[in-house]
Amino acid sequence: MKKYYETKLAVVTGGASGIGLALCEMLLSFGAKAVIMSDVNSDNLTNQSARLDSAYPGKMLGIQADVTEREEVAELIRRAAEFGAGRIDFLFNNAGLSLAKSFDEATYADWKFAFDVNFYGALHGIKAVLPIMRAQGGGHIANTASGIGFIPMAYQSMYSASKSALIGLTGSLRYELWDENIRFSTIIPGTVDTPMWEGKAPDTAITPEQSARGILKGVAANERIVIVTEPDRIGAANAFRPETAKEMDEYLLNVARKRQKLQQADMKTVMSCITEQELKRSTQALLLANIPFETRKLDDNGIELTELQVSDDIFDNACDVIETFEDTIFDDQDRPREKCPQCGSTDLERRDDFDCKKSITGISWIAQCRDCGRLIPHH
Ligand SMILES: NC(=O)c1ccc[n+]([C@@H]2O[C@H](COP(=O)([O-])OP(=O)(O)OC[C@H]3O[C@@H](n4cnc5c(N)ncnc54)[C@H](O)[C@@H]3O)[C@@H](O)[C@H]2O)c1
């Protein structure tokens with residue numbers, strides 16, 4: 001598969017984080033001539049493109065662009081082609097947002113924004129790059145959708161609808177432009193542990209690198225729909241089969257009811273996090289204690305913060321859990337403790353039987369104090 005990318009030029013939108021970032025890095029490691037990393041997030045873009053530029057000098061160009069802005073996408077493609085001396089071999093329309101809200105809460109502005117990012121973002125890219133790909137005699141456009149595009153879930157109607165639309169667009173153009181040697185693939189990247197999950201990715205989530213490898217393999221094979229993981233393959237196979245309709249109803253209704261419960265609960269803010277560190281630790285604490293919570297991003301007079309909310313009935317417990325976690329894991333110098341924070345004993349026993357949910361909590365193992373029984377998580 002490496003051969004497919006060697007000496008080629010690729011543009012990746014949403015390239016400064018998660019799956020997009022892994023795609024940029026892997027394409028360069030496969031010998032791509034150049035990769036244009038584009039993102040709306042200028043800090044991530046500056047940092048990540050500088051990092052890859054020093055690893056692959058002269059082969060990385062970072063260009064800031066908001067995919068919802070047609071003119072910015074056109075300018076991105078123009079500058080990318082200039083960097084590639086007129087050529088663009090691949091366009092990965094990867095930028096996207098998850099946008100979970102109840103249908104009642106979602107305003108028309110929310111709906112417009114969802115389609116602007118997840119659907120029109122890719123459409124703008126396709127429109128801008130087609131003349132270049134036609135002129136050079138071909139190219140490949142990969143549009144990142146989601147399993148939710150064919151298994152739509154409750155409280156994700158904006159995400160489901162915008163990603164389904166993208167699947168439709170990609171499938172249709174694949175055949176409309178086939179004879180012009182312009183290839184189209186839909187990407188279903190799997191459940192991937194990226195910042196999109198805000199630290200709450202399920203245990204089964206794969207890494208961005210695993211996803212990128214699957215994507216590049218499928219694109220190199222010119223697959224119509226690149227489905228990276230087995231669960232998504234099963235989901236895709238069952239999505240529209242009459243034989244599995246009842247089972248799907250049961251499963252999706254169950255998901256809907258669980259989410260409904262969280263929506264209806266009287267939620268209270270257990271922690272307002274300003275720094276990444278605060279957010280990471282509090283999230284880890286709640287996940288480790290199996291406490292269900294929601295995150296809400298806010299802008300409080302220019303200060304961006306994330307509130308962690310739990311339902312009223314478990315509020316006190318959640319406060320305790322966060323507080324205990326703080327002084328359990330870290331000492332005054334912010335280093336993991338090697339002594340029991342409760343009794344000071346250094347007689348700690350490693351408990352490998354404890355499920356730490358490492359991919360979510362970042363905690364590798366748990367020790368237990370032999371003297372007082374206190375559990376002490378370690379990274
Ligand atoms: N992570 C998953 O489990 C998962 C599952 C299915 C589909 N996806 C899709 O994969 C793609 C990548 O997501 P990820 O998980 O790597 O998330 P991520 O949040 O790590 O990366 C998304 C990137 O897109 C950028 N972006 C958002 N809006 C943009 C805009 N208007 N213009 C330009 N860039 C913008 C963000 O700044 C971010 O860098 C998305 O399309 C997402 O919907 C992800």
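Two strands count as paired when DSSP finds at least two bridges between them. Helices (H or I, at least four residues) and strands (E, at least two) are DSSP runs, numbered from the N terminus. The model you see is predicted: local features need pLDDT of at least 70, side-chain atom pairs count only at pLDDT 80 or more, and totals for chains, interfaces and linings use all residues. Residues are numbered from 1 along each chain as its sequence is written.

Let's start with the sheet. In β3, Met60 is the bridge partner of Val35. Strand β2 (residues 34-39) runs parallel to β3, and five bridges join the two. They belong to an open sheet of seven strands with parallel pairing, in the order β3-β2-β1-β4-β5-β6-β7. At the edges lie β3 (60-64) and β7 (225-227), each pairing on one side only.

Now for the ligand. It is surrounded by 28 residues (C-beta atom, placed from the backbone, within 6 Å), and the closest are Gly14, Ser17, Gly18, Gly96 and Thr194. Helix α2 gives the most to this shell, with three residues.

Helix α2 also packs against α7 (residues 208-220), at an angle of about 60° and with axes 8 Å apart; axes are lines fitted to C-alpha atoms, for helices over the stretch in contact, and angles run from 0 to 180 degrees between N-to-C directions.

The table sorts both sets of residues by class. Ala, Val, Leu, Ile, Met, Phe, Trp, Tyr, Cys and Pro count as nonpolar, Asp, Glu, Lys and Arg as charged, and the others, Gly among them, as polar.

| Set | Nonpolar | Polar | Charged |
|---|---|---|---|
| Shell around the ligand | 11 residues | 15 residues | two residues |
| Contact of α2 with α7 | nine residues | two residues | two residues |
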